[in-house]
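Subject: Structure for your review

Hello,

Here is the structure you will be working with, followed by notes on what was found in it. Please look through the model before you read the notes.

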Amino acid sequence: MNHQPNNPTHGVTLEAMLIKLVEVNTWEGLAARIEIRCFRHNPSIKSSLAFLRKTPWARSKVEQMYVRQIQRENRAAEKASAAEAEAEAEAAET
């Protein structure tokens, strides 16, 4: 089995990436960030997947956006964890 711990897209399907991005950004947000017609006109997961699977440059942009989203979420989780640890340390001191 090939493990790729430093590859945030490893094991994540294009469909899962697209669903996540739509949940976070909405179709309008995706269309504003990546100029792809299928994001602007009657967007759907099915039609977008069909286009992305046959258009490498578009798929690459979606994957890059997904990686940036995951990185933002990881940074936010790290900050929350650090703040929680700091609050616990302050509570332990009192």
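Which residues in the largest nonpolar core touch the most other members? The model is predicted, and in it they are Leu18, Leu30, Ile36, Phe39, Leu52 and Val62, out of a core of 19 residues. Four helices each supply at least two residues of this core: α1 (14-33), α2 (37-40), α3 (45-54) and α4. Helix α1 gives the largest share, with eight residues.

Salt bridges

The count of salt bridges comes to three. As a reminder, side chains of opposite charge can pair when their charged atoms come close.

One of the three joins Lys20 to Glu73, with the closest N and O atoms 2.8 Å apart. This pair links distant parts of the chain, since Lys20 sits in helix α1 and Glu73 in helix α4, with their positions 53 residues apart in sequence. Lys20 has a relative accessible area of 23% and so is partly exposed. Glu73 is also partly exposed, because its relative accessible area is 29%.

Another salt bridge is formed by Arg59 and Glu63, where the closest N and O atoms are 2.9 Å apart. Both residues belong to helix α4 and are four residues apart, about one turn of the helix. Arg59 is partly exposed at a relative accessible area of 30%, and Glu63 is partly exposed at 25%.

The side chains of Glu35 and Arg40 also meet in a salt bridge, at 3.9 Å from N to O. The cut-off for a salt bridge is 4 Å, so this pair is counted. Is Glu35 buried or exposed? Its relative accessible area is 64%, and therefore Glu35 is exposed. Arg40, with a relative accessible area of 42%, is partly exposed.

Positive patch

On the surface there is a patch of positive charge, where Arg33, Lys61, Arg68, Arg72, Arg75 and Lys79 gather. Which element gives the largest share of the positive patch? That is helix α4 (residues 56-93), which contributes five residues. One of the patch residues, Arg68, has its place in helix α4. The relative accessibility of Arg68 is 41%, so this residue counts as partly exposed.

Backbone angles

Two residues are worth a look for their phi values. Thr26 is not a glycine, yet its phi is positive, at about 65°. Thr26 is placed in helix α1. With 37% relative accessibility, Thr26 counts as partly exposed.

Asn42 is the other residue to look at; its phi is near 50°, again a positive value in a residue other than glycine. Where is Asn42 found? The loop between α2 and α3 holds Asn42. Asn42 is exposed because its relative accessible area is 72%, and the threshold for exposed is over 50%.

Distances

Three C-alpha distances may help when you orient the model on screen.

Ala16 and Tyr66 are 50 residues apart in sequence, and their C-alpha atoms are 9.8 Å apart in space. Ala16 lies in helix α1. At a relative accessible area of 33%, Ala16 is partly exposed.

Glu63 and Arg40 are 23 residues apart in sequence, with 18 Å from C-alpha to C-alpha. Glu63 has its place in helix α4. Each of these residues has a salt-bridge partner described above: Arg59 for Glu63, and Glu35 for Arg40.

How many Å separate the C-alpha atoms of Asn7 and Ser48? The separation is 23 Å, for residues that are 41 apart along the chain. Asn7 lies in the segment before α1, and Asn7 is partly exposed, with a relative accessible area of 27%.

In short

Helix α4 comes up in several of these notes. It supplies at least two residues of the nonpolar core, gives five residues to the positive patch, holds both Arg59 and Glu63, and carries Glu73, the partner of Lys20 in helix α1. Helix α1 supplies the largest share of the core and is also where Thr26 is placed.

Regards

Terms used: Residues numbered from 1 in each chain as written. Predicted model: local features only at pLDDT ≥ 70, side-chain atom pairs only at ≥ 80, totals over all residues. Heavy atoms only, no water. Patch = residues over 30% accessible without salt bridge, like charges linked within 9 Å, V, L, I, M, F, W, Y side chains within 5 Å. Areas by Shrake-Rupley, 256 points an atom, 1.4 Å probe, with all protein chains shown as cover. Lys, Arg positive; Asp, Glu negative; His and termini not counted. Charge placed at Lys NZ, Arg CZ, Asp CG, Glu CD. Buried < 20%, exposed > 50% of the residue type's maximum accessible area, 1.4 Å probe, protein only. Core = buried A, V, L, I, M, F, W, Y, C linked by side-chain atoms within 4.5 Å.
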